[in-house]
Amino acid sequence: MARIVGAVATSHIPAIGKAIAQGLQDQPYWRPFFEGYLPVHDWLREEQPDIAVVIYNDHGLNFSLDKIPTFAVGAAAEYRNSDEGWGLPVSLPFPGYPEMSWHIIESLVRDEFDITMCQELLVDHAVVVPLTLLWQGPAARPVRIVPVAINTVQFPLPSPARCFKLGTAIRRAVESFDENLRVVVVGSGGLSHQLEGKRAGFINRKFDLSCMDRIAGDPAELCRMSVTDLVRMAGVQGVELLNWLAMRGCLTDRVIEKHRNYHVPISNTAAAVMVFENEPVAVV
Ligand code: DHB
Ligand code: FE
């Protein structure tokens, strides 16, 4: 059976992709941010996942605001990127795994998540930047991916509790896939940021730090928040935390936090990365 070996949550700010393309990792502005990924690389090297389930939000590259699914799952053989206007190089495609995608789709629908299934899906910076941060080099494609898109841009948004439950359903789906595969779950986005309106530039360090504690130790408390609470505390784009909650739902009740780094700001955003493993269950 497929097994979830752990999860990584990471910001997906486009400026990161530009810094990678220009080789700026050692510059003073960027070093404290990129150094936060060195332990993640070590962890991935040890865990050697075969598959990444990437939970992210599309920002308008594939879905436009006139037609946007609340939840969508990719079922393509490969996922292409395209120019979003951020000045990033268009990345090489990412390999998919349609058999596993269809298994997850079937299982989610059986579990009453009426998702949109996408046999073609362009992936934006919210997929490309995290994968490029985790596996370095423009041609590095060591994992096949199953992208899961959550609407965090066109209101009304799904609640934190619903996104967490989607994660638990993804876990059931993955763990019932009859192939011996190691799966890492990637939660993309966050932490606090707001790119527009009166609160443009809003960052809430206190909330972010408590959020990192709670995503590890008490996600139920985050699940009691409403989307409006989230917007208030984390900013309009900080609701990308919904992707982190779905990622957390893919793990067991108790997790081991292997690593975290928090660095403010990168561009307009409080940048964060965390790594989790499921706590081993004691065999009696
Ligand atoms: C920024 C952050 C995002 O999450 C995003 O999708 C685009 C831009 C930023 O801080 O620049
Ligand atoms: Fe974003």
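Good morning. I begin with helix 5, which contributes four residues to the lining of the largest pocket, the most of any element. Please keep in mind throughout that the structure before you is a predicted model.

The largest pocket encloses about 470 Å³ of space. Its lining comprises 25 residues, and those nearest the centre are Ile20, Ala21, Gln25, Thr132 and Gly137. Helix 1, helix 2 (31-34), helix 3 and helix 5 (125-134) are the elements that each supply two or more of these lining residues. In chemical terms, the lining of the largest pocket consists of 14 nonpolar, seven polar and four charged residues.

I turn now to the second largest pocket, with a volume of about 370 Å³. There are 21 residues in its lining, and His59, Trp86, His193, Leu195 and Gln237 lie closest to its centre. Which element gives the largest share of this lining? It is helix 1, with three residues. The lining of the second largest pocket divides by class into nine nonpolar, nine polar and three charged residues.

Next, the metal site. Which residues coordinate the iron ion, ligand 2? They are His12 and His59, each through NE2, and Glu240 through OE, at 2.0 to 2.3 Å. Along the chain, the donors of the iron ion follow the spacing H-x46-H-x180-E. His12 and Glu240 bring distant parts of the chain together, being 228 residues apart. His12 belongs to the loop between strand 1 (3-10) and helix 1 (14-21), while Glu240 belongs to the loop between helix 9 (227-234) and helix 10 (241-249). Are these two residues buried or exposed? Both His12 and Glu240 are buried.

The other ligand in the model is ligand 1. The residues around ligand 1 include His12, His59 and Glu240, and these three also coordinate the iron ion. Ile13, Pro14, Trp86, His125, His193 and Leu195 are likewise among the surroundings of ligand 1, as are Ser267, Asn268 and Thr269. Three histidines place a polar side-chain atom close to an oxygen atom of ligand 1. For His12 the distance is 3.1 Å. For His59 it is 2.7 Å, and for His125 it is 2.7 Å. Two of the residues around ligand 1, His59 and Trp86, were named earlier among those closest to the centre of the second largest pocket.

I close with the backbone. Most residues other than glycine have a negative phi, and most peptide bonds are trans. Against that background, four places deserve a look.

Two concern peptide bonds. The bond from Phe155 to Pro156 is cis, with omega near 5°. Pro156 sits in the loop between strand 7 (144-150) and helix 6 (160-175). The bond between Gly190 and Leu191 is also cis, with omega about -10°. Leu191 is part of the loop between strand 8 (182-188) and helix 7 (205-217).

The other two concern phi. Gln48, although not a glycine, has a positive phi of about 45°. Gln48 is located in the loop between helix 3 (38-47) and strand 2 (51-56). Glu112 is likewise a residue other than glycine with a positive phi, near 70°. Glu112 occupies the loop between helix 4 (98-110) and strand 6 (116-118). With a relative accessible area of 62%, Glu112 is exposed.

Thank you for your attention.

Technical notes:
Residues are numbered from 1 along each chain as its sequence is written. Chains are lettered from A and ligands numbered from 1 in the order in which they are written. This is a predicted model: local features need pLDDT of at least 70, side-chain atom pairs count only at pLDDT 80 or more; totals for chains, interfaces and linings use all residues. Side-chain values use heavy atoms; hydrogens and water are left out. Donors are N, O and S atoms within 2.8 Å of the metal (3.2 Å for Na, K and Ca); water is not among the atoms, so sites may look incomplete. Buried means under 20% relative accessible area, exposed over 50%, partly exposed in between (1.4 Å probe, protein chains only). On a 1 Å grid over the protein atoms alone, a cavity is a set of points where a 1.4 Å probe fits but cannot get out, and a pocket is an open set with protein on both sides within 12 Å along at least five of seven lines; lining residues have an atom within 4 Å of a point. Grid points are joined across faces, edges and corners, and a volume is the space filled by probe spheres set on the points. Ala, Val, Leu, Ile, Met, Phe, Trp, Tyr, Cys and Pro count as nonpolar, Asp, Glu, Lys and Arg as charged, and the others, Gly among them, as polar. A residue is near a molecule or strand if one of its heavy atoms lies within 4 Å of it. A polar contact is a pair of N or O atoms within 3.5 Å; within protein, one must be able to donate a hydrogen and the other to accept it, and residues adjacent in sequence count only if both atoms are side-chain atoms.
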